[in-house]
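Reader: I am new to this structure and would like to be led through it slowly, one question at a time. Could you begin with the words I will need?

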Amino acid sequence: MKLTGAQILMEVLKEEGVDTIFGFPGGVVIDIYDELAKTDIRHILVRHEQGAVHAADGYARASGRVGVCLVTSGPGATNTVTGIATAYMDSIPIVIFTGQVPTQLIGNDAFQEVDIVGITRPCTKHNYLVKRTEDLARIVKEAFIIAGSGRPGPVLIDLPKDVSNTKIIYKAPKKIELKAYNPTYNPNMKQLHRAVKLIKNAKKPIIFAGGGVVLSKGSKELTELAHKTRTPVTCSLMGLGVFPGTDPLWLGMIGMHGTYRANMCSGECDLIVAVGVRFDDRVTGKTDTFAPNAKIVHIDIDPTSIRKNIPVAVPIVGDCKITLGLLNRLLDKEDLGDLKTKRKKWLDQIDQWKSTKPLAYKQEDIIKPQYVIEKLYELTKGSAIITTEVGQNQMWAAQYYHFKKPNHFITSGGLGCMGFGLPAAIGAQLACPDKLVVDIAGDGSIQMNIQEMATAEQYNLPVKIVILNNQYLGMVRQWQELFYDKRYSGTGMEHAPDFVKLAEAYGALGLRATKPEEVEPVLRKGLSSPKTVIMDFVVEREECVYPMVPAGAPITEMLLA
Amino acid sequence: MTEQKHILSILVDNQPGVLSRIAGLFSGRGYNIESLSVAETIDPLVSRITMVTMADTPVVEQIMKQLHKLINVIKVYELTGSSYVQREMALIKVQARPERRAEILRIVDIFRCKVVDVGQGHYTLEVTGDEGKMDAILNLLKPIGIKEIAKTGIIALFREPK
Ligand SMILES: Cc1ncc(C[n+]2csc(CCOP(=O)(O)OP(=O)(O)O)c2C)c(N)n1
Ligand SMILES: [Mg+2]
């Protein structure tokens, strides 16, 4: 059978079960677009290539599948870089196809030529330039394997125009072999036995879970471990949802804006069972004072995450779900004693921290952003898919929306990329059409990819945008308030558009609340609308996120409200 | 923690861009490269990179893991600490004024190197050896006057059990 590269690409995408592609066309990918239109694969035309990557990313995070995008060469390709870096930092599986000038022009500074493979080398898990149509099918298959397995991540494939339109006799590739790539899924049992021993003997243990548990779909096993051993659980920002936010053993998030009790636990505990985390500086604070009394068991599929920032007593390389499952089976065989009495002192101490220093704010005359999130949580019964922008809005979402399940909190953790929330919400809504998807946004961030409102409208996606409008780049302003004597240099955002009118201009519904008593009615009306909705909450301008650990300070030294 | 010299032997896919991935990893993460040598192995699909880096133990552990994570890296060995042979080759252009020629040739003889080019005012020497020998000959030639030098960087292999 003679097929063009573009046709071969469609064959492979269908084999990989791709149902949605986020993209934006251009000269060198017209051949591919021409073939794409002949398939059942749904193409979502974004309004900016960064939006395409974030949308594919949101799609991947909500569905647990590989997200796919397609863009043209040159500016199309460079526009994807921020999105790719975002996915890379959070280990999200996506495959990005970029068009490239014909192979014979590569290196000649041809029109819209850019070395996107060179540019994205440090922010992709792997990338390819396809030089011959004969290699295309194999490379695409490899890309999907690499993106979705081990520690997932973005993989980019650069497709020169002649590779797409050359016809060859196509033979589907046989089994794909990646001789040097085999992630370790099964843990070393000796290390697991050592972990069991530490868990058995610990008096003040905590479990610390992160995005790796989401990615490995290990939430059930993690919850089982916590309950079986009566161990309280904290999460990094990326882990929120892997343990129910309503469970009595829940400590809340740890880190720079973690809860008082979670951060205090890290200082006091004698054991941390860390699962699918990488001990980011936003979690540890000053590393040499982190968890001074604790032995650390660290489970992660990526060996480079272990002992990168923090010394570890028991390193365990393996898939979080598999490893936790095995750990639970080993613990089943152990006599753990009467955990109720054994843990009483530790859990009482935690309760005391919780009751004396809870997350708190006072709702007075002006709407408090925290109040909006709490109401949103109540009205959605904690079951919406929440995406966020970056800044205070993101931290309040993390603190006040008590996630029950994994894959429901979609946020740019590692890169902290403003403009992520709206396109990610679009991707999540496409992956989960029956779910309520809400982007918790700041007035600054939402403007970074606001053009995607048109995408939401075009495909009738009823995503809801909750803007916590403080007319500031609030998180930066907070740092300036606390550490720069309130010199608000470059953080005022008074000149924003009227978001209600803007929503209407896009054909969406726009609502606004300026008083506390309007919050609930606006949320009710907005959330129940079948349309894309922007809800603009005019909030207290100078509210700060607390607790806060100043950058570089020990994690137990928090500024409190 | 003290920094030490580590010799790494890295087998990689013999493809364009692979060296750039490795160099990028080192520059991006702030690791240092003292020397680097690359060539095809007996299997034309595979190249061997021999790299010398200065690092303390946790860092070299992290370097090896990071290298391993690259899809095109097949195997990473650390040679330092086990039994291995290492060689480096240098081409050294020395000033050869008539009154020093005999001395230079004596050094050539002692170090078992070769004169591969002779000119009006210079000799070019080919030297092969381990680091100790390289240092020694350079120390002797420096006072005579070294005009230019090209070195290959270290290459090394494990010794087989006897
Ligand atoms: C693309 C990008 N540029 C700059 C920053 C730095 N930054 C972090 S939070 C923040 C403020 C965000 O303002 P807004 O969206 O209004 O959120 P708020 O903090 O006010 O809730 C900025 C500028 C960033 N994270 N991402
Ligand atoms: Mg703001």
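Author: Helices (H or I, at least four residues) and strands (E, at least two) are taken from DSSP runs and numbered from the N terminus. Please keep in mind that this is a predicted model.

Reader: In which loop is A:Asn407 found, and is A:Asn407 buried or exposed, or in between?

Author: A:Asn407 is found in the loop of chain A that runs between α17 and β16 (409-410). Phi of this residue is near 65°, a positive value in a residue other than glycine, and most residues other than glycine have a negative phi. Buried means under 20% relative accessible area and exposed over 50%, so A:Asn407, with a relative accessible area of 23%, counts as partly exposed.

Reader: Where is A:Asn460 found, and why does A:Asn460 count as buried or exposed?

Author: A:Asn460 also has a positive phi, near 50°, and is found in the loop between α19 (453-458) and β18 (464-469) of chain A. Because the relative accessibility of A:Asn460 is 63%, this residue counts as exposed.

Reader: Is the peptide bond from A:Tyr546 to A:Pro547 cis or trans?

Author: Most peptide bonds are trans. A:Pro547 has its place in the segment after β20 (533-538) of chain A. For the bond that leads from A:Tyr546 to A:Pro547, omega is near -5°, and the bond is cis.

Reader: Which elements give two or more residues to the shell around ligand 1, and which of them gives the largest share?

Author: Of the 17 residues around ligand 1, those that come nearest include A:Gln392 and A:Gly474. A backbone N or O atom of A:Gly474 lies 2.7 Å from an oxygen atom of ligand 1, and for A:Met475 the corresponding distance is 2.9 Å. Two elements of chain A give two or more residues to the shell, α17 (392-400) and α20 (474-483). The largest share, three residues, comes from α20(A).

Reader: How many residues of each class does the shell around ligand 1 have?

Author: An oxygen atom of ligand 1 is 3.0 Å from a polar backbone atom of A:Asn393, and the protein covers 76% of the 590 Å² of accessible area that the ligand has on its own. Sorted by class, the residues of the shell are seven nonpolar, nine polar and one charged.

Reader: How many residues apart in sequence are the parts that A:Lys141 and A:Glu16 tie together?

Author: A:Lys141 forms a salt bridge with A:Glu16, and the closest N and O atoms are 3.6 Å apart. A:Lys141 lies in helix α7 (residues 133-148) of chain A, while A:Glu16 lies in the loop between α1 (5-15) and β2 (20-24), so the pair ties together parts whose separation in sequence is 125 residues.

Reader: Which residues are linked with A:Arg138 in a network of salt bridges?

Author: A:Arg138 forms a salt bridge with A:Glu142, with 2.9 Å between the closest N and O atoms. Both residues lie in helix α7 of chain A, four residues apart, about one turn of the helix. A:Arg138 is partly exposed at 34% relative accessible area, whereas A:Glu142 is buried at 7%. The residues linked with A:Arg138 in the network are A:Arg132, A:Asp135 and A:Glu142.

Reader: Which residue forms a salt bridge with A:Asp57?

Author: A:Asp57 is buried, with a relative accessible area of 0%, and lies in helix α3 (residues 49-63) of chain A together with its partner, four residues away. The closest N and O atoms of this salt bridge are 2.4 Å apart, and the partner is A:Arg61.

Definitions and conventions
Residues numbered from 1 in each chain as written. Chains lettered and ligands numbered in written order. Predicted model: local features only at pLDDT ≥ 70, side-chain atom pairs only at ≥ 80, totals over all residues. Heavy atoms only, no water. Near = heavy atom within 4 Å. Polar contact = N/O pair within 3.5 Å; in protein donor to acceptor, adjacent residues only side chain to side chain. Areas by Shrake-Rupley, 256 points an atom, 1.4 Å probe, with all protein chains shown as cover. Nonpolar A, V, L, I, M, F, W, Y, C, P; charged D, E, K, R; others polar. Buried < 20%, exposed > 50% of the residue type's maximum accessible area, 1.4 Å probe, protein only. Salt bridge = Lys/Arg side-chain N within 4 Å of Asp/Glu carboxyl O.
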